[in-house]
Amino acid sequence: METSERAYETIINYVERQIMQGSYKKGDKLPPERELAALLGASRNSVREGLGILERMGVISSQQGAGNFISDNFEKTLIEVMTLMFILEEGTFREISEFRYALETQALSLAMKNITEEQQTDIECYMSMLEQTPGEEQKAYYDKKIHYTITAASGNRFIIDNLQALTEVMDVFIKDMRAKILSDGSNSEGLMSAHRQMVEALREKDESKGLKALKAHFEYIYAYIDG
């Protein structure tokens, strides 16, 4: 049993080491199993077992008939990990919202410096549609597009990937939350104003105004969750 563990861990350690050294990059194809087995002095079964674990970890993806590739879809893995963490750690909706607030705060600060004219135009268009459309689902759609574009404008891939994954997890556990808050008469105008202030702050490069609006935005979310 000990030998078997060492054998399949050999392929896991090898692939991880190659990634760390920059020899393997996203989308790169791994050598065939028989070549890996010969290279590492391991059996084909041990190599196959190690590759299977790497695939479950999200490090590689296996394509039938084509081989194994270094994954380029870590967002999917993040969503799965965060979902399991939320369940197993018995997380609260408040905690997951606070984590999102922390990430969005930094995303907004970075977006102040990095946003492009095209992204600014897109955000203002989404804001206009958010204000004009009567449907709850459409409002929720444009709300999400505003936040996604601000996140993308940060230019930080780690923030982008983590926020996207976190948003997906929240949408699973708090279904239709955006639409419900936006349709609530007591919250709707305040939340709309917070979005409007964020969009204006980005255009004006006013970080203080933007962060104040983001804080107000999340206070409405907390009120909904805690209520």
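This is a short tour of a predicted model, moving from its largest nonpolar core to a patch on its surface. Residues are numbered from 1 along each chain as its sequence is written. Local features need pLDDT of at least 70 and side-chain atom pairs count only at pLDDT 80 or more, while totals for chains, interfaces and linings use all residues, and side-chain values use heavy atoms, with hydrogens and water left out.

Begin by selecting Ile-123, Ile-146, Ile-150 and Leu-202, which have the most contacts inside the largest nonpolar core, a set of 38 residues (buried Ala, Val, Leu, Ile, Met, Phe, Trp, Tyr and Cys joined through side-chain atoms within 4.5 Å; buried means under 20% relative accessible area, 1.4 Å probe, protein chains only). Among the elements giving two or more residues to this core are α4 and α5 (93-114), and α5 gives the most, with seven residues.

Next, centre on Leu-202, which touches, among others, Leu-108, Met-112, Ile-123 and Ile-150, not counting residues up to four places away in sequence (contact means heavy atoms within 4.5 Å). Apart from this core lies another, of 16 residues, including Ile-11, Tyr-14, Leu-30 and Ala-42.

Then select Ser-97 in helix α5, which is buried, with a relative accessible area of 0%. Leaving aside neighbours within four places in sequence, Ser-97 is in contact with Met-170, Phe-218, Ile-221, Tyr-222 and Ile-225.

Finally, turn to Ile-87 in helix α4 (residues 74-88) (helices are DSSP runs of H or I, at least four residues, numbered from the N terminus). Ile-87 counts as partly exposed because its relative accessibility is 48%, where partly exposed lies between buried and exposed, the latter being over 50%.

Terms used. Patches are made of residues with over 30% relative accessible area and no salt bridge: like charges are joined within 9 Å, nonpolar side chains (Val, Leu, Ile, Met, Phe, Trp, Tyr) within 5 Å. Accessible areas come from the Shrake-Rupley method with a 1.4 Å probe; for residues, only the protein chains shown count as cover. A salt bridge is a side-chain nitrogen of Lys or Arg within 4 Å of a carboxyl oxygen of Asp or Glu.
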